[in-house]
Amino acid sequence: MNSSSSSPMANGGRVLDEITSPARNNIQTTLLEQRIEETKWLLHPSAGKSSCCIFRVPPCLVEINKNTYRPRIVSLGPYHHGEKHLEMMQQHKWRFLHDLLARTPLTGPRLDDYLQVVSSMEEDIRGCYSETINFCSLDLVEMMVLDGLFVIELFCKVGRLSPSDPDDPIFNLAWIFPNLIQDLFRLENQIPFLVLQTLFDKSKPSRQESDSSLGRLALEFFNYAIERPDEVLEQHSSDEGRHLLDFFRLSFIPQPQEKPKIVRPLARLLQSAKKPLSRITSSTGKAVKKFLAGIKSKTRRGSTSCVQFIQSAKKLHLAGIKFKPGDAVSFLDIRFSNGVLEIPHITLDDLRMDLFLNFVAFEQCYSHSSKHITTYAAFMSCLIRTPMDATFLCDNNIIENYLATDKEVAHFFRYMGKDVPFDIEECYLWKLFKDVNEYHRNIWHVRWAGFRFKYFDTP
C-alpha cells in the first residue's frame with residue numbers, strides 16, 4: 001500500500017502535473033518568442049521620432065473626408081504605389097526621366113549615379129515613413145529616383161529651366177494639371193524633401209544655369225494654385241520643410257512667431273483634462289468634473305483662468321465687435337484690437353479645402369510640428385456655427401465662397417476640426433481668444449451694441 005501511494009499516478013496525477021508543468025511553460029514561452037520574432041510590424045521603429053514625418057491619415061479623419069487624402073492621378077512614395085487608377089501618370093514619369101537623361105551632357109550624371117546617391121540614403125528614407133515599407137532596397141531606391149526626378153522636372157518645366165513640349169498632355173489637358181497640383185499636397189503622397197534636394201543638386205547639369213533654389217521653384221509652381229506676392233515666395237524659399245506639404249504649410253506661417261512648445265502625447269492627454277467637457281459622456285463627465293474640482297492649477301501664461309473658445313460671428317457682432325478683412329499676406333495673421341476683429345480675406349474652393357484638411361492631418365500626426373492650421377480651423381469653426389455666420393463673413397468680404405452654398409462653408413469648417421485634439425492654451429491665437437472673450441463679456445459693450453442696433457439699424 002505504501003508503494004502505491006507514492007507512485008506518480010497517486011493523488012489524481014498531481015505529481016505528474018508538477019513534473020510536466022515547467023516543460024509545458026517552456027514550450028509555450030518558446031512559441032510566444034517565435035511569434036514575436038515572426039511578427040511583421042506595421043509601425044516602423046522610427047514612428048514618433050522627429051525624422052518620421054510621412055503618415056497614413058488616421059481612420060477617424062479618413063471616415064469624415066474619404067477622398068481628400070488619396071491621390072487621383074499620380075502616386076509619390078510607397079503608400080499608393082502601383083494602384084491601378086494611377087498607371088497613366090506612371091508612364092509619364094518614365095518619359096520625363098528619359099527627357100532629363102537625354103539632354104544631360106556626357107560629363108553629367110547618369111541614371112546609375114542617381115540610383116547610387118539615393119541608395120546611400122535608404123535607411124533615412126525608410127525612417128521618414130510611419131509604416132514599415134515592404135519594398136526591397138532596389139525597388140525603393142528606383143521608386144524614389146523616378147518619383148523625385150519627376151517632381152523636379154515638373155518644377156523645372158513650369159519654371160522654364162527645362163524645355164517643355166507645348167503639346168505635352170500634362171500641361172495641355174485642362175483636367176490634369178489641377179489634379180496634379182492637388183496630389184502633390186496629399187499627406188500620404190509625399191517623399192522626403194531631403195531626397196528631392198539631393199536629386200535637384202545632382203541633376204543641375206541637365207538644366208539651364210539659374211540661381212533658383214528648389215524651394216523657390218516649388219513655391220512658383222504652387223503659385224498657379226494659390227497666388228501670392230513675389231516677396232512672400234522669396235521670404236519662404238529657404239524654409240526647411242520635411243516634404244512638399246510641410247514646406248508649403250510653413251510658407252503660410254507669419255513671421256515672427258512664438259516658437260511652438262512641443263507637447264508630448266502623454267502631456268497632451270493630461271492637459272486635455274482641463275478642456276471643456278461637453279463632448280464627454282455624462283457618467284464619465286461627472287467623474288472627471290469631480291476629480292477636477294480639487295485641482296487648482298495655473299495655465300502656462302500665468303493666469304488662473306482658462307482660455308475659452310469664442311462665440312459665433314453673429315453673436316460677436318451683436319455684442320459690438322466689428323469684423324474687417326485684414327490686409328495681411330497670410331490667412332493665419334488674425335488680429336483683434338479695440339473691438340475690431342481683422343481676418344485676412346480667404347478664398348474657399350475645392351483645392352483649398354483639400355489643402356487645409358491635409359495640413360491639419362499632418363499637424364495631428366506629426367507631434368514635432370506647430371499647430372497653426374489646426375488653430376485656424378478651430379478659430380473659424382467657432383465663428384461659423386451656422387450658414388448665417390458664413391453669409392455674414394462673406395458679406396464682410398472675409399470669405400470668398402466658390403462652393404455651392406454658404407451651408408457648405410459652415411459644413412466644411414465644422415468638420416475640418418472634427419475628432420481633432422486641440423489645446424487652446426498652447427495655440428498661437430491664445431491671446432486673441434482671451435481678448436475677444438473679455439471684450440464680449442463686458443456688459444457695457446453688449447448694452448451699447450443692443451442700443452445701436454435697435455435705434456440706428458432700423459428705418
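**Close-up 1. Aspartate 350 in helix 17 of the predicted model.** Aspartate 350 counts as exposed because its relative accessible area is 56%, which is over the 50% cut-off. This residue belongs to helix 17, in a model that is predicted. Threonine 68 is 282 residues away from aspartate 350 in sequence. In space, the C-alpha atoms of aspartate 350 and threonine 68 are 9.9 Å apart.

**Close-up 2. The salt bridge of arginine 186 and aspartate 354.** The side chains of arginine 186 and aspartate 354 meet at 3.2 Å, N to O. Aspartate 354 lies in helix 17 (residues 350-365), while arginine 186 lies in the loop between helix 9 and helix 10 (193-202), so the salt bridge ties together parts that are 168 residues apart in sequence. Arginine 186 is buried, with a relative accessible area of 1%. Aspartate 354 is buried as well, with a relative accessible area of 10%. Both residues belong to a network of salt bridges that also links Arg72 and Asp183.

**Close-up 3. The salt bridge of glutamate 363 and arginine 249.** Here the distance between the side chains of glutamate 363 and arginine 249 is 3.0 Å, N to O. Glutamate 363 is in helix 17 and arginine 249 in helix 13 (residues 244-250), so that distant parts of the chain, 114 residues apart, are linked by the pair. The relative accessibility of glutamate 363 is 0%, and this residue therefore counts as buried. Arginine 249 also counts as buried, at 3% relative accessibility.

**Close-up 4. A salt bridge within helix 7.** Glutamate 153 and lysine 157 are both part of helix 7 (residues 137-158). They are four residues apart, about one turn of the helix. Their side chains form a salt bridge at 3.9 Å, N to O. Glutamate 153 and lysine 157 are both buried. In the whole structure, a search finds 20 salt bridges.

**Close-up 5. An open sheet of three strands.** The strand order is 1-3-2, and the pairing is mixed. Strand 1 (322-326) and strand 2 (335-337) are the edge strands, each pairing on one side only. On average, neighbouring strands of this sheet are turned by 25° against each other, direction ignored. Strand 1 pairs with strand 3 (residues 340-344) in the parallel sense, over five bridges. In this pairing, lysine 322 has valine 340 of strand 3 as its bridge partner. Phenylalanine 323 stands opposite leucine 341, also in strand 3. In a regular strand, side chains alternate between the two faces of the sheet.

**Close-up 6. The hairpin of strand 2 and strand 3.** Strand 2 and strand 3 pair in the antiparallel sense, over three bridges. Opposite arginine 335 stands glutamate 342 in strand 3. The hairpin has two residues between the strands. Asparagine 338 takes a positive phi near 50° in this hairpin.

**Close-up 7. A nonpolar surface patch.** Met88, Leu173 and Trp175 make a nonpolar patch of about 280 Å² on the surface. Leucine 173 lies in the loop between helix 8 (169-172) and helix 9 (176-183). With a relative accessibility of 38%, leucine 173 counts as partly exposed.

**Close-up 8. Cysteine 382 and cysteine 427.** A disulfide is a covalent bond between the sulfur atoms of two cysteines. The structure holds zero disulfides, and cysteine 382 is accordingly in none. The nearest cysteine sulfur to that of cysteine 382 belongs to cysteine 427, 9.7 Å away. That distance is not within the 2.5 Å cut-off for a disulfide. Cysteine 382 is buried, with a relative accessible area of 5%.

Notes
Residues numbered from 1 in each chain as written. Predicted model: local features only at pLDDT ≥ 70, side-chain atom pairs only at ≥ 80, totals over all residues. Heavy atoms only, no water. Pairing = 2+ DSSP bridges. Axes fitted to C-alpha atoms, helices over the stretch in contact; angles between N-to-C directions. Patch = residues over 30% accessible without salt bridge, like charges linked within 9 Å, V, L, I, M, F, W, Y side chains within 5 Å. Areas by Shrake-Rupley, 256 points an atom, 1.4 Å probe, with all protein chains shown as cover. Salt bridge = Lys/Arg side-chain N within 4 Å of Asp/Glu carboxyl O. Buried < 20%, exposed > 50% of the residue type's maximum accessible area, 1.4 Å probe, protein only.
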